[in-house]
Amino acid sequence: MKRIAVGLLACAALLGAALHTQRADATLPNYPSGTSVGEGVPLKAYATIAPQVHGFGDVITARLAVVADTKWVDPTRLRVSTDFKPYQLVRHSTEATVQVGRFQQLTWTWTLRCITSACVPRVPPSERFHIFRFQLIHIDYLTPNGKRAYGIAATWPKVEVVSQVSPGVAKFLQKTNHLNWRFHIAPVAAPTYRLSPSVLYWLALSGGLVLLLGASLLGWHWYRLIRPRRVQEAGGPTGTPLERALTVLAWAHARGDDTLERKALERVAGELDVETPIPDIDELSRTARELAWSSQRPEDDEVETFSERARGSGRPSETEEVAE
């Protein structure tokens, strides 16, 4: 009984404060058998703001109370939407519920404040610059599938913002356009540092250079590890074309490359050809072609003997031919 009495007193107090505000007209179902909220309607809404007159930057509290007959209304299916521009929320809204029998009251509370230029009282004073009217409050009752069944609207009381500057100070500002500071904000005290900015700058610069150098060394080491190995080129061709052809012949014969060996013999034969017929050299040239086109691969002693005779054939070098 004591808990019920406390709930009734709380409801009466909230409704007493809310009755000072105007309840908006609503299109609601009517139950002739009566409801716990009166007038045969399933729910009613009341909106209050405190304080309605406040100084610039002060915090105000907006409170919406919705009373419902739980026989006809499921309070969990009520949805409230409103807007307080240019005011902003100081903290998230809170919701409180009080129920006695079929009577249930849901109360939403918003804590608001406006510190933007839109809420600054203007000079000279004008009511339209000081009074704010928030948007209507829409309270919708949803069906079990989430669609709107019906709803009501409530109106917030007007809010008046007054300046926190006294009339004497306002007149002084209008005449002199000068602010008489009670507390001087200059000169500002010299800043103190745990570490000198100059020292910190040079330490940071030195650290950056050290890191850059380390990264460069690591990058060079990494490049040397993964870069492809370049084959060192020889200092240029050595010997005469005949000597180079004989070298290729020896290399191909030693490795058993028959195709390359026959090509090398053809090359040797071509190098032995001269414009002025020389019997020994012509014989070596014919021998090279016979070995190149032979059905059988030449023996080792044949290749060695032929190579020695070709080297000692007295074939003039390219330099001697050019000199002639």
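**Two cores and a four-stranded sheet**

I'll start with the core. The largest nonpolar core has 36 residues, and Leu 64, Tyr 87, Ile 139 and Trp 156 have the most contacts inside it. A nonpolar core here is a set of buried Ala, Val, Leu, Ile, Met, Phe, Trp, Tyr and Cys residues joined through side-chain atoms within 4.5 Å. Buried means under 20% relative accessible area, exposed means over 50%, and partly exposed lies in between, with a 1.4 Å probe and protein chains only.

Before going on, the ground rules. This is a predicted model, where local features need pLDDT of at least 70 and side-chain atom pairs count only at pLDDT 80 or more, while totals for chains, interfaces and linings use all residues. Residues are numbered from 1 along each chain as its sequence is written, and side-chain values use heavy atoms, with hydrogens and water left out.

Back to the core. The elements giving two or more residues to the largest core are β2, β4, β7, β9 (137-142), β10 (148-154) and β11 (159-162). β4 gives the most, with six residues. Strands are DSSP runs of E, at least two residues long, and helices are runs of H or I, at least four, numbered from the N terminus.

What is Ile 139 in contact with, leaving aside neighbours within four places in sequence? The list is Ala 45, Leu 64, Val 66, Leu 78, Arg 79, Val 80, Tyr 150, Gly 151, Ile 152 and Ala 154. Contact means heavy atoms within 4.5 Å. There is also a second, separate core of 17 residues, which includes Leu 242, Leu 246, Ala 292 and Ala 310.

Now the sheet. Four strands form an open sheet, ordered β2-β4-β7-β6, with antiparallel pairing. Two strands pair if DSSP finds at least two bridges between them. β2 (43-50) and β6 (88-100) are at the edges with a single partner strand each, so one side of each has no neighbour in the sheet.

Inside the sheet, β4 (residues 60-69) pairs with β7 (residues 103-113) over ten bridges. Ile 60 has Leu 112 as its bridge partner in β7, and Ala 68 has Gln 104. On the other side, ten bridges join β6 to β7, with Gln 88 opposite Arg 113. The hairpin of β6 and β7 has two residues between the strands, and Gly 101 there takes a positive phi near 65°. β7 is mostly covered, with ten of its eleven residues buried.

Last, the whole chain: nine helices and eleven strands, with 29% of its 324 residues counted as buried.
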